[in-house]
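Here is a friendly tour of one protein model, with the structure open beside you. Which parts of the chain build its interior, and what lines its open space?

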Amino acid sequence: MESFEKWIYENKELENTIPEDHYNDLLAFNFKSREVKNYIKSVVKKHFDWSEYEKWRTVELLKKIKSGKVEIVLATRKLRQLYLEQEEEIKRPFLSIGLAIGYESELDNCPIESEYNQWNSDALKKQLEPVEWYRKQILEDVDSELNELLNPEIKTIDLGHIVNVKHLHDTFAERLYFPEFYGNNWDAFWDSITGIVEMPKVLTLTNWDKFENTFEKESKILKEIIADYNNQNAEKIIKTVGNNGYK
């Protein structure tokens, strides 16, 4: 914390970034206080885009996991922690719930690397079996979500895992960053994609055939919405991909 305090005193750019009275309050603050973390957070939220900071944190963690700097079990725990923190701070986390929560629950009983010495070799091998089952899929999902964060103009949403209509709307809300007041209905969906959120240039909905066969009514409504959306947008498009390719 001493180095951070020194950085504040020496950073002239900061002095020109926030209002003078807030800057003076920052200089006068007792950085030995137990409330320093909450105070700094309050200052940041007033003057900087907290959402962009959380996006940066997400990208950095995904990069570390992809490069192997964070082993898989520990990675799932860090992803879950980040998701829960973002859920509290910005409501709509930058991670999908599947990547953030799903894998951590599957690997909950697996030890992290620093705990390996607590197990004999046979027991450790058995305990780590689930890691090998999920490793490839975890890394693929990490790579996919990292690419989307780095290339926001292109996004893919898999409709093959949808279990009910609420799950469908929750998935759209999560992946397209709909507002917290999103109403989980098709009118609210249309309002969101046409005037509330910034849509990607290309949104691809995969496993459309499976979705269409399972949710006949909803898929028909969504198909009509997609057609209207594409007709009204010259530079943006929503595509569906089924077992037989693009539609």
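The notes below go through the cores, one buried threonine, a helix and a pocket.

Please keep in mind that this is a predicted model. Its largest nonpolar core has 28 residues, and another core, of 25 residues, lies apart from it. The largest pocket holds about 820 Å³ of space.

**The two nonpolar cores**

- Within the 28-residue core, the members that touch the most others are Leu62, Ile65, Leu79, Leu95, Leu99 and Val131.
- Four helices each bring at least two residues to this core: α5 (50-66), α6 (72-89), α7 (97-106) and α9 (129-150).
- Helix α6 gives the largest share, six residues.
- Take Leu62 as a starting point for a look around: beyond its neighbours within four places in sequence, Leu62 contacts Leu79, Leu95, Leu99, Val142, Glu145, Leu146 and Leu149.
- The separate core of 25 residues includes Ile157, Leu168, Trp208 and Tyr229.

**Thr76, a polar residue in α6**

- Thr76 sits in helix α6, and it counts as buried because its relative accessibility is 1%, where the cut-off is under 20%.
- A polar atom of the Thr76 side chain is 2.6 Å from the backbone oxygen of Val73.
- Setting aside residues up to four places away in sequence, Thr76 touches Ala100, Tyr103, Glu104, Leu107 and Ile138.

**Helix α10 and its two ends**

- Helix α10 spans residues 165-175, and its buried residues include Leu168, His169, Thr171 and Phe172.
- Further along the helix, Ala173, Glu174 and Arg175 are buried too.
- Leu168 is also one of the members of the 25-residue core.
- At the start of α10, a side-chain oxygen of Asn164 comes within 3.2 Å of the backbone nitrogen of Lys166.
- After α10 comes Tyr177, which has a positive phi, near 60°.

**The largest pocket**

- How many residues line the largest pocket, and which lie nearest its centre? There are 26 in the lining, with Ser96, Ile97, Gly98, Glu174 and Arg175 nearest the centre.
- Glu174 and Arg175 are both among the buried residues of α10.
- At least two lining residues come from each of α6, α7, α9, β1 (154-158) and α10.
- By type, the lining has seven nonpolar, nine polar and ten charged residues.
- Helices α6, α7 and α9 thus appear in two places here: each supplies at least two residues of the 28-residue core, and each supplies at least two residues of the pocket lining.

Key: Residues numbered from 1 in each chain as written. Predicted model: local features only at pLDDT ≥ 70, side-chain atom pairs only at ≥ 80, totals over all residues. Heavy atoms only, no water. Core = buried A, V, L, I, M, F, W, Y, C linked by side-chain atoms within 4.5 Å. Buried < 20%, exposed > 50% of the residue type's maximum accessible area, 1.4 Å probe, protein only. Contact = heavy atoms within 4.5 Å. Polar contact = N/O pair within 3.5 Å; in protein donor to acceptor, adjacent residues only side chain to side chain. 1 Å grid on protein atoms, 1.4 Å probe; cavity = no way out; pocket = protein on both sides within 12 Å on 5 of 7 lines; lining within 4 Å. Points joined across faces, edges and corners; volume = space filled by probe spheres on them. Nonpolar A, V, L, I, M, F, W, Y, C, P; charged D, E, K, R; others polar.
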